Amino acid sequence: MGHRLSYKSAIEWTEATWNPVTGCTQVSPGCDHCYALRFAERFRGVRGHPYEGGFDLTLRYARLSLPLSWREPRTIFVNSMSDLFHKDVPDEFVNGVFATMEAAHWHTFQVLTKRPQRAARMATVLPWPPNVWLGTSVETSAYLWRVDALRRVPASIRFLSCEPLLGSLGGLDLHGIGWVIVGGESGYGHRPPEIHWVREIRDLCASEDVPFFFKQWGGRFPKEHGRQLDGRTHDGRPPITPSRQLRTSATAAEGTSRGS
Ligand code: SF4
């Protein structure tokens with residue numbers, strides 16, 4: 001799905017990243033230039049490095065409860081270096097990730113997957129607290145079926161990441177979708193989006209009253225062509241989750257009971 005290692009994220013639409021799983025396998029054209037893969041493979045064989053095993057799928061048990069130690073409320077992108085619903089992540093591990101997200105109710109978790117069909121299959125056995133958002137990536141209209149799978153999941157916010165946008169998403173149905181992010185590809189071999197593909201999604205979001213976030217046009221580096229569309233930026237986001245607002249009273253209670 002994407003990007004960095006550290007909890008401070010450089011991704012524009014989130015604040016922190018948490019990678020209880022790392023490594024993945026490619027499933028569709030949006031994966032062709034997977035940043036996470038290139039990043040991780042640079043360290044294959046480097047003894048003692050977290051990515052000694054390159055991009056091989058690895059369960060990081062020691063990181064499972066990490067967000068519980070972050071006391072300040074954050075928006076957390078889950079598995080920027082993997083896909084939580086990859087078939088090689090056991091059900092029990094997915095359950096563990098959801099247990100942490102449910103317990104860490106003061107954070108907002110954004111889970112992004114290219115495998116929403118598995119999320120839909122597991123939906124009835126997973127908790128869906130209001131602080132867990134689920135999104136899927138859609139790069140061309142050939143993957144609109146992922147949006148239908150996402151709709152079968154009772155997440156409080158279902159969102160789309162249309163990045164890298166590689167074709168028109170004509171026929172996109174935004175019923176039940178609470179946020180749309182669009183971005184062009186960046187880096188070596190980047191495939192630039194056409195402006196009418198982006199306008200089409202912007203206009204659909206406007207007519208359906210869905211927040212629209214335009215991340216970048218892409219290019220050789222992410223900001224090469226900026227992030228304006230028809231003379232303005234688009235920074236739409238869903239409203240803050242109730243769980244984050246609840247944190248105020250939760251913090252006060254913890255402060256009293258733990259004396260910290
Ligand atoms: S699903 Fe995401 S993490 Fe996995 S290979 Fe594709 S882009 Fe990379």
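Start with helix α5, residues 195-208. At 1.5 Å a residue, its 14 residues should span 20 Å, and the end C-alpha atoms are 20 Å apart, so expectation and model agree. Keep in mind that this is a predicted model.

**Stop 1: the two sides of α5**

Select Trp-197, Val-198, Ile-201 and Cys-205. These residues of α5 are buried. They lie on the same side of the helix, because their arc around the axis is only 100°. Now colour Ile-195, His-196, Arg-199, Asp-203, Ala-206 and Ser-207. They sit on the other side of α5 and are exposed.

What covers the buried residues? Strands β7, β8 and β9 are among the elements that do. Helix α5 packs on the sheet and touches those strands. Its direction makes about 165° with that of β8 (179-183).

**Stop 2: just past the helix**

Step to Asp-209, just after α5. This residue is in the loop that leads from α5 to β9. Its phi is near 60°, a positive value although the residue is not glycine. Most residues other than glycine have a negative phi. Is Asp-209 buried or exposed? It counts as exposed, because 7 other C-beta atoms lie within 10 Å and the cut-off for exposed is 12 or fewer.

**Stop 3: the whole sheet**

Show the strands. There are 7 of them in an open sheet, and the pairing is parallel. Read across in this order: β1-β4-β5-β6-β7-β8-β9. The edges are β1 (16-18) and β9 (212-216). Each has a single partner strand, so one side of each lacks a neighbour in the sheet. From one strand to the next, the twist averages 25°.

**Stop 4: β4 and β5**

Select residues 75-78 and 108-113. These are β4 and β5, paired in the parallel sense over 4 bridges. Val-78 of the pair stands opposite Val-111 in β5.

Move on to Asn-79, in the loop between β4 and α2 (91-103). Here too is a positive phi in a residue other than glycine, near 60°. Asn-79 counts as buried, because it has 25 C-beta neighbours inside 10 Å and the cut-off for buried is 20 or more.

**Stop 5: β6 and β7**

Select β6, residues 132-137. It runs parallel to β7, and 5 bridges join the two. Find Ser-137, which stands opposite Ser-161 in β7.

Stay on β7 (157-162). How many of its residues are buried? The count is 6 of the 6, so β7 is largely enclosed by the rest of the structure. Show its side chains. Ile-157, Phe-159 and Ser-161 point one way, while Arg-158, Leu-160 and Cys-162 point the other way. Such alternation between the two faces of the sheet is what a regular strand shows.

**Stop 6: a cis proline**

Follow the chain out of β7 to Pro-164, in the loop between β7 and β8. Check the peptide bond from Glu-163 to Pro-164. It is cis, with omega near -5°. Most peptide bonds are trans.

**Stop 7: the cores**

Return to Cys-162. Which residues does it touch beyond four places away in sequence? They are Val-138, Glu-139, Leu-169, Val-180, Ile-181, Val-182 and Ile-201. The largest nonpolar core has 48 residues, and within it Cys-162 and Val-180 touch the most other members.

Finish at a second, separate core of 6 residues. Select Cys-24, Ala-36, Tyr-51 and Phe-55, which are among its members. In soluble globular proteins, nonpolar side chains tend to be buried together.

Technical notes. Residues numbered from 1 in each chain as written. Predicted model: local features only at pLDDT ≥ 70, side-chain atom pairs only at ≥ 80, totals over all residues. Core = buried A, V, L, I, M, F, W, Y, C linked by C-beta atoms within 7 Å. Contact = placed C-beta atoms within 7 Å. Pairing = 2+ DSSP bridges. Axes fitted to C-alpha atoms, helices over the stretch in contact; angles between N-to-C directions. Expected span 1.5 Å × (residues − 1). Arc of directions from axis to C-beta.
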